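Please load the model in your viewer and keep the selection tool at hand. The stops below move from one selection to the next, with a short account of what is found at each.

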Amino acid sequence: MDKSSIFLFYLLAAVLPNSLVNACCWDGYAAEVCPFKESSDRYIRYNKVVSLKTETPELCAQACLGVTDFVCRSFDYGHEEGKCYLSDTTSLTGDVVEKHKWSFYERLMSADSLCQFEQKNGLSIDDNDCGSMKGTPEECAKTCLETTSCDCNVFSYQRDTNECLLASQNSRTARSNDKWSIVFDRMDTLTTAHLCNFNASHGMHSMSVPITRLLKSTAWDCAHACLIEESFLCKAFDYNHDTGECHIGNKHNEIAEADGWSFYKRILTSDALCHFKVTNHKFVVSDNTKRLVKETPEKCARACVEAVDFECRTFNYARGDGSCYLSDMEASTMEIKELDGWYLYERVD
């Protein structure tokens, strides 16, 4: 690995919020890989932008989500040597081939254009050098992104008239206005575009009881709070556009119509690893129910989730040789020891 790659890796570790690091990569949920779809024994050729060496796929995923000088859309991870290749291509634009003991992770993102804008309530802009229109905020965002006659960077939206002013100016020139005015500021990269990790259902609200509530927030604030939540795996949130109220929870099954609300469902892969909390360099002492060899963490997690002859609750994984020990015991009831090179995965559902 060259010096620039080493510098970038440690820079990412330094600038990312500690809460994000703790929640997703070290002693936290394995949910950092949940915004990615994993394909085992696959590798994307010729398109790596950054080369790193990381201890786990979670750290590689963290680097992809945290990079700011390009939009990271996928990464390759070599399970034997810990090689991590970040890429700006997808399976549609790149050449994905078979490669043993590698995994290809493709980032899952919302197709909602509005997710690429930060919402700022109570502000407006006067300029409309990129045009004006009437429509929903989503329609205005799509027009702003797709216009070719002007470099559209911001638009203001008047909620009582549904009018949008599209402009190339910076949002710093926006002025205070009434409660019906909103400025949507285009973000440079998807790193801070937190809403792109959610699919929106406007006019809908969850039927589940929220775990956390925020007041006088923006949808962007709610998405960020959901992503960095440490005490539970946040799967969705509701947002009231009139009051700024936000309800954050860990369920997303039942929703109903509700005026003024939007329901945001987190885009999570169905990969089994998302069901586990990982603790690095820990080994749980137990009478293991099943042993696997030469596997990846993803395959061990899948074997645990799909086990039919016992209820699998935890597994130990050794990165060195791919050994995997599945157990039907809760980690809280067993002795846990520190052991380099081993990882403890606990079911969170």
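Are Cys-140 and Cys-164 buried or exposed? In this predicted model, both Cys-140 and Cys-164 are buried, and selecting the two together shows a disulfide that joins them, with an S to S distance of 1.9 Å. The torsion about the S-S bond of Cys-140 and Cys-164 is 90°, and the link is right-handed. Because Cys-140 belongs to helix H4 while Cys-164 belongs to strand E11, the pair ties together parts of the chain that lie 24 residues apart in sequence.

Stay with Cys-140 and extend the selection to the whole of helix H4, which covers residues 137-146. The buried residues in this helix are Pro-137, Glu-138, Cys-140, Ala-141 and Cys-144. If you turn the view so that you look down the axis of H4, these buried residues fall within an arc of 160°, and they therefore line one face of the helix. As general background, an α-helix has 3.6 residues a turn, so residues three or four places apart point the same way.

Now select what covers those buried residues of H4, which includes strand E7 (117-121), strand E9 (131-134) and strand E10 (154-158). The cover also includes strand E11 (163-167), strand E13 (181-186) and strand E14 (198-206), and E11 is the strand that holds Cys-164.

Next, select the sulfur atoms of the disulfides, of which the structure holds nine. Among them is the disulfide that joins Cys-60 to Cys-84, where the S to S distance is 1.9 Å. This pair links distant parts of the chain, since Cys-60 sits in helix H3 (residues 57-66) and Cys-84 in strand E5 (residues 83-87), 24 residues apart. The link of Cys-60 and Cys-84 is right-handed, with 80° about the S-S bond, and Cys-60 and Cys-84 are buried.

From there, move to Cys-64 and Cys-72, which are joined by a disulfide with an S to S distance of 2.1 Å. Here the link is left-handed, with -110° about the S-S bond, and both Cys-64 and Cys-72 are buried.

For the last stop, select Cys-300 and then Cys-324. Cys-300 has a relative accessible area of 0%, so this residue counts as buried, and Cys-324, also with a relative accessible area of 0%, is buried.

Technical notes: Residues numbered from 1 in each chain as written. Predicted model: local features only at pLDDT ≥ 70, side-chain atom pairs only at ≥ 80, totals over all residues. Heavy atoms only, no water. Buried < 20%, exposed > 50% of the residue type's maximum accessible area, 1.4 Å probe, protein only. Helix = DSSP H or I, 4+ residues; strand = E, 2+ residues; numbered from the N terminus. Arc of directions from axis to C-beta. Contact = heavy atoms within 4.5 Å. Disulfide = S-S within 2.5 Å.
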